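This report describes how two chains are arranged, how they meet, and where enclosed space remains. The sequence and the structure are shown first.

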There are 2 protein chains.
Amino acid sequence: MYNFNYYTPTKVVFGKGTQAQVGALVKTQNCRKVLIHYGSGSVKRTGLLDQVKASLDQEQISYVELGGAVPNPRLSLVYKGIELAKKEGVDFILAVGGGSAIDSAKAIGYGVANEGDVWEFYDRKRQAEGCLPIGVVLTLAATGSEMSNSSVITNEDGWIKRGYSSDYGRPRFAIMNPELTMTLPDYQTACGCTDILMHTMERYFTSGGNMEITDSIAEGLMRTVIVNAKILKEDPKNYDARAEVMWAGSLSHNGLTGCGTDGGDFASHALEHEIGGLYDVAHGAGLAAIWGSWARYVYMDCLPRFRKFAVNVMGISEEGSDEEVALKGIEAMEAFYREIHMPTSLKELGIEPTEDELRLLAHKCSIACKGIKGSARILHEEDMYQIYRCSL
Amino acid sequence: MYNFNYYTPTKVVFGKGTQAQVGALVKTQNCRKVLIHYGSGSVKRTGLLDQVKASLDQEQISYVELGGAVPNPRLSLVYKGIELAKKEGVDFILAVGGGSAIDSAKAIGYGVANEGDVWEFYDRKRQAEGCLPIGVVLTLAATGSEMSNSSVITNEDGWIKRGYSSDYGRPRFAIMNPELTMTLPDYQTACGCTDILMHTMERYFTSGGNMEITDSIAEGLMRTVIVNAKILKEDPKNYDARAEVMWAGSLSHNGLTGCGTDGGDFASHALEHEIGGLYDVAHGAGLAAIWGSWARYVYMDCLPRFRKFAVNVMGISEEGSDEEVALKGIEAMEAFYREIHMPTSLKELGIEPTEDELRLLAHKCSIACKGIKGSARILHEEDMYQIYRCSL
């Protein structure tokens, strides 16, 4: 097992009606002016934005607002947010939405708190030395950005999707009311469940040395998400299932399921980032489409853990060779993805890259990873190409 | 399930050699003077205290020191620490030790940051409005105080043991090197494992409504501790087992295993506090001595969860009535305690209270709980007496 740091300072306020606490929570931050940042108009349609504003008004907190964050949030909106925040003297950002709004808020926060071009952090040119404090009212269980140190931004100049991680970006608080996720389309719910599973799976499939307690937490979390994703497919307004998935989303990416590991694999994420950057697909769906091909490509290099996953998460019988059990686990996971209507190939995802595009994807992925990626198996550009090709 | 708040701001630095980072970590706190607070001389004998001082010296951080925190840490030393800290202008407390040193440090921190008598917080007369910032170098996996909001102090005037919880008291950082626990006597290791288990069991046995994800994390944690406690009995210098238990200790009491519950039962803790206050026994051993009697007294009121515990934690077969399965789970837990040489009765704990003393224990416990305690079953003074009596 490896030494590790664990740091999750975000205050979570979880449960029914908790959005009413937003004004009081912002007030504890002693800020002068808030930027309310959100995505599409859904927070307007549902009335959530009005509730948030009413709560801020009640505490006499002044604010400006900026909507428009889209899935795979764009750098251009981040620049716009930075300019607005500076002009208005904003010293706290309140993200109302899902991962897109939160990630965009983090990028704006870095841009305001640091000189120079914010893209340089995402392009791994330098490190941030601060971030405006951020709060979250979560409306989508998926990315875990509400407790994580990471954010992902897409630069429209070249459609380059890059992540940046810094503890400065961890939100101060996250209001999580599962009721707010009940009206999501089934597809988004399933994408979210996939993303949550993948955040733990990326940390689970490593070259070895994971702690048993981390494994047992990770396995319990994955089982919980799988069970409840199926419940939500039939009964999307099931509060308890929404709550299980929402809390799993935060725990899956706040560091807990990675304690003692080598940092995890994250090759599936890297491979998906290039797909998401070029084709603008939903992140969760992109992960589901690529995962099976990745798993079949690497599992023999990581057999004990694929076997353990099959038995402890997918409920596969221990009988049979390690290879047989491991493969059954991969098949069971793919069957689960199909059951919740997630794609298990690029074609099912709705894209059919040409040979040149496959090479381009692999090349961009290799550049983004500075040559190699992975833990279960170290991937080079040629490996990335092979996985993309297998996922057609 | 219940709404919940989750707040664990403590930065954990976990693994081999991490105590060398203490100076750098204290430096990030921007403090002027540190109070190093520790317990018995063990941190001197092992050389840890010298390492800590050398690390502080290297960062040119000035400090004073106060040793002498004992198991069931005393109010008189807390008063001494408050006086010393005020006189010396201390603005950061570094606890080097286990739960006793940390709890004592928290109480000193409350005493310095608030006017009036610090005991009033523990006596539930008023709430703290702050606490000096605290850091920890942990030498004992047990109480989870390194990440928790709670502390327990014993007032020698009447030998009253009381806990107080406030988020102000959560440590800023915790350095956790499992190597530092390798020289512990077997008895202390077993007491620690018992305390860790009990922190999760107290949250697990409730009147209902627990989240599935919380249950799965709790069950995984308990299985991990049980497996590794047995390993440590045979092989006390097993690093991996020490690490599993140490990390379980923090997660068991930082709030994670209570998310979505009604707050937990904690009757066993309440019953033990009176024993610990009167007889000054080791906390973990006291818990083991009382738990079986508590469990048999309450399990019929909380049958589904005792059954689940039996199957998912103790590995009992699902065959048989709920009552049979639940009882087998309780028996298996008691057998585990015996296996690691923990007492399962007051006699084995080394105390034989008279009838009057049993009544006194129950009366003191009832007063401390303001009349009632528990979730699996609500206990009144007569119930407390019956459980004490059954545990003879």
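## Salt bridges

Over all chains, the count of salt bridges comes to 45. The model in which they are found is a predicted one. One of these pairs joins D215(A) to R305(A), with the closest N and O atoms 2.6 Å apart. D215(A) belongs to helix α8 (residues 212-234) of chain A and R305(A) to helix α12 (residues 303-312) of chain A, so this salt bridge ties together parts that are 90 residues apart in sequence.

Across the interface of chain A and chain B, by contrast, the rule finds 0 salt bridges.

## Relation of the two chains

Two copies of a chain are related by a rotation about an axis and a shift along it. Here a turn of 180° with a shift of 0.0 Å along the axis lays chain A on chain B, with an RMSD of 0.0 Å. The two copies are therefore related as by a two-fold rotation axis. Within chain A, the C-alpha nearest the axis belongs to P9(A), at 1.9 Å from it.

The same surface serves both copies, as 100% of the contact residues of chain A recur in chain B.

## The interface

The size of an interface is often given as the accessible area lost when the parts come together. Between chain A and chain B, the buried area is about 3000 Å². Carbon and sulfur atoms give 62% of this area. Chain A contributes 35 residues to the contact, and chain B contributes 35 residues.

## The largest cavity

Rolling a probe the size of a water molecule over the atoms shows where empty space is left. The structure holds 2 cavities of 30 Å³ or more. The largest cavity has a volume of about 60 Å³.

Its lining is formed by L140(B), A141(B), T181(B), L184(B), Q188(B), T189(B), C193(B), L232(B), R242(B) and V245(B). In chain B, α7 (186-204) and α9 (239-253) are the elements that give two or more residues to this lining. The largest share, 3 residues, comes from α7(B). Sorted by class, the lining of the largest cavity comprises 6 nonpolar, 3 polar and 1 charged residues.

## The second largest cavity

The second largest cavity encloses about 40 Å³ of space. The residues lining this cavity are L140(A), A141(A), T181(A), L184(A), Q188(A), T189(A), R242(A) and V245(A). The elements of chain A that supply two or more residues to the lining are α7 (186-204) and α9 (239-253).

By class, 4 nonpolar, 3 polar and 1 charged residues make up the lining of the second largest cavity.

Technical notes: Residues are numbered from 1 along each chain as its sequence is written. Chains are lettered from A and ligands numbered from 1 in the order in which they are written. This is a predicted model: local features need pLDDT of at least 70, side-chain atom pairs count only at pLDDT 80 or more; totals for chains, interfaces and linings use all residues. Side-chain values use heavy atoms; hydrogens and water are left out. Copies are superposed by least squares on the C-alpha atoms of residues with pLDDT of at least 70 in both. Contact means heavy atoms within 4.5 Å. On a 1 Å grid over the protein atoms alone, a cavity is a set of points where a 1.4 Å probe fits but cannot get out, and a pocket is an open set with protein on both sides within 12 Å along at least five of seven lines; lining residues have an atom within 4 Å of a point. Grid points are joined across faces, edges and corners, and a volume is the space filled by probe spheres set on the points. Helices (H or I, at least four residues) and strands (E, at least two) are DSSP runs, numbered from the N terminus. Ala, Val, Leu, Ile, Met, Phe, Trp, Tyr, Cys and Pro count as nonpolar, Asp, Glu, Lys and Arg as charged, and the others, Gly among them, as polar. Buried area is the accessible area (1.4 Å probe) that two parts lose on being put together, summed over both. A salt bridge is a side-chain nitrogen of Lys or Arg within 4 Å of a carboxyl oxygen of Asp or Glu.
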